[in-house]
Amino acid sequence: MKGFFDMKKVLFVIESLGGGGAEKVLTTIVKYLDKSKYDITVLLVTEVGIYLKEVKKYCRVVAMLPSYDSLESFVDKLKYKLDYKYIYSSSPRKVYKKYIKEEYDIEIAFVEGYATRLIANSPNKNSKKIAWVHIDMKENPYADQYYKSLEEHIECYKNFNDVICVSSSVKKVMEDKFKLENNLKVIYNPIDAHQILEKAKEFTVKKDLTKTNIITVGRLENQKGFDRLINAIGRINSDKLNIHLNILGEGSKYNELKDLIHLNKLENTVSLLGFKKNPFPWVLSSDIFICTSRAEGYSLVIAEAMVLGIPIISVNCSGPNELLNFGKYGLLIENSDSAIRDVLCSIVDKKINLENLKLLSNHRGKDFKLANILEQIEEVFDK
């Protein structure tokens with residue numbers, strides 16, 4: 001066993017620990033990385049998020065700023081706003097020197113955008129620097145806003161020893177958009193299959209046996225395409241809409257989606273259930289998992305649904321298409337509003353062989369072994 005002084009000091013940087021896929025993946029990684037080899041710290045911009053309590057069980061968590069909601073005095077709130085503005089408007093080198101006091105052997109920007117810019121400008125010349133890319137940054141270029149130009153964004157990624165991509169399609173984007181070659185690695189997101197199966201049995205979710213129960217999970221944001229899923233259901237011309245859709249997640253589009261459900265008169269057909277700390281009983285009770293994302297990088301929730309053997313229907317986008325092996329392990333449809341409507345009509349008309357899709361999903365779900373992924377991550381850390 002390694003002694004304390006042989007351990008590598010590892011810093012993960014992420015803005016918060018909210019309810020997204022990257023945050024969930026980070027929680028799994030810090031839980032299962034070998035604690036005899038790695039002394040782990042997670043640095044946040046703000047000390048918030050549904051995974052905060054869980055992550056604190058397995059490593060040290062430090063934050064540049066406290067939770068704004070925890071502040072009571074006017075002075076503290078004003079200071080928070082000034083510090084927040086300073087963090088995002090000042091040079092990343094200045095922010096690094098102000099908030100990162102220790103030296104680390106490995107520094108990891110765990111999400112695109114601000115965290116990546118910060119670690120790319122680390123003055124620590126002795127650290128191994130790793131960027132983790134979770135999204136197709138051509139289809140979803142939100143991270144560009146943190147840079148003055150594409151050229152600066154490209155130069156940022158050249159400062160990393162390794163860039164970990166969560167799928168081969170994400171790697172292709174990094175090659176095409178950022179002109180990267182030698183430092184790219186593909187490592188799928190780790191999934192704790194045993195935990196998923198156990199959590200799915202914690203309680204039973206009742207469902208309407210007279211309907212086909214469809215589920216989707218994710219942040220309520222434009223990227224996930226829940227608006228076009230709701231609109232597609234609203235356009236189905238059927239006397240008996242024998243389906244029910246559950247949407248699990250929270251986000252800025254909640255009120256917009258709620259209004260869309262009302263506009264389409266789908267209150268009895270579509271339910272916004274909010275974020276669920278344990279979503280797996282809802283997934284297990286469903287007949288179909290559907291993904292209608294405009295863009296993805298990997299889609300952790302699809303992989304988790306496959307572990308539970310749930311039939312998968314997804315639009316063709318980066319990540320999901322790879323997980324489904326381009327249609328071998330699930331139904332892959334065109335990434336368009338009309339294709340979403342057509343496949344929903346097929347579900348309503350019972351033209352889709354769900355039993356066959358269930359077998360395919362179950363088979364694919366056995367490929368996501370936690371130990372294999374952790375071994376690949378540690379190989380990058382130790383190289």
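A residue is called buried when its relative accessible area is under 20%, exposed when it is over 50%, and partly exposed in between, as judged with a 1.4 Å probe on protein chains only. The structure above is a predicted model, in which local features need a pLDDT of at least 70 and side-chain atom pairs count only at pLDDT 80 or more, while totals for chains, interfaces and linings use all residues. Residues are numbered from 1 along each chain as its sequence is written, and side-chain values use heavy atoms, with hydrogens and water left out.

We can begin with H153, which is buried because its relative accessible area is 0%. This histidine is found in helix 6, where helices (H or I, at least four residues) and strands (E, at least two) are DSSP runs numbered from the N terminus. Leaving aside neighbours within four places in sequence, H153 is in contact (heavy atoms within 4.5 Å) with M137, A143, D144, Y147 and F178.

Another histidine, H134, sits in the loop between strand 5 (128-133) and helix 6 (150-157). With a relative accessible area of 12%, H134 is buried. A polar atom of the side chain of H134 lies 2.7 Å from the backbone oxygen of F110. When residues up to four places away in sequence are not counted, H134 touches A22, F110, V111, E112, V166, N189, G297 and Y298.

What of the aromatic rings? Rings of Phe, Tyr and Trp (its six-membered ring) pair if their centres lie within 6.5 Å, and planes under 30 degrees apart count as stacked, over 60 as edge-to-face and the rest as tilted. By this rule there are 13 aromatic pairs. The ring centres of Y157 and F160 are 6.1 Å apart and their planes meet at 40°, so this pair is tilted, and both residues are buried. Elsewhere, Y68, Y80, Y84, Y88, Y114 and Y146 form one aromatic cluster.

We turn next to empty space inside the model. On a 1 Å grid over the protein atoms alone, a cavity is a set of points where a 1.4 Å probe fits but cannot get out, and its lining residues have an atom within 4 Å of a point. A search of the whole structure finds 2 cavities of 30 Å³ or more, and the largest has a volume of about 70 Å³. Of the 13 residues that line this largest cavity, T216, V217, C291, S293 and E296 are the closest to its centre. Strand 8 (212-217), strand 11 (288-291) and helix 12 (300-307) each supply at least two residues of that lining, and the largest share, 3 residues, comes from strand 11.

The second largest cavity holds about 40 Å³ of space, and its lining is made of E221, N222, F226, D227, K253, E256 and L257. Helix 9 (226-234) and helix 10 (254-263) each supply at least two of these lining residues.

Finally, two residues deserve a look for their backbone angles. S299, in the loop between strand 11 and helix 12, has a positive phi of about 75° although it is not a glycine, and S299 is buried, with a relative accessible area of 6%. F326, in the loop between helix 13 (320-323) and strand 13 (331-333), is also a residue other than glycine with a positive phi, near 55°, but F326 counts as exposed because its relative accessibility is 57%.

How values were computed. Polar contact = N/O pair within 3.5 Å; in protein donor to acceptor, adjacent residues only side chain to side chain. 1 Å grid on protein atoms, 1.4 Å probe; cavity = no way out; pocket = protein on both sides within 12 Å on 5 of 7 lines; lining within 4 Å. Points joined across faces, edges and corners; volume = space filled by probe spheres on them.
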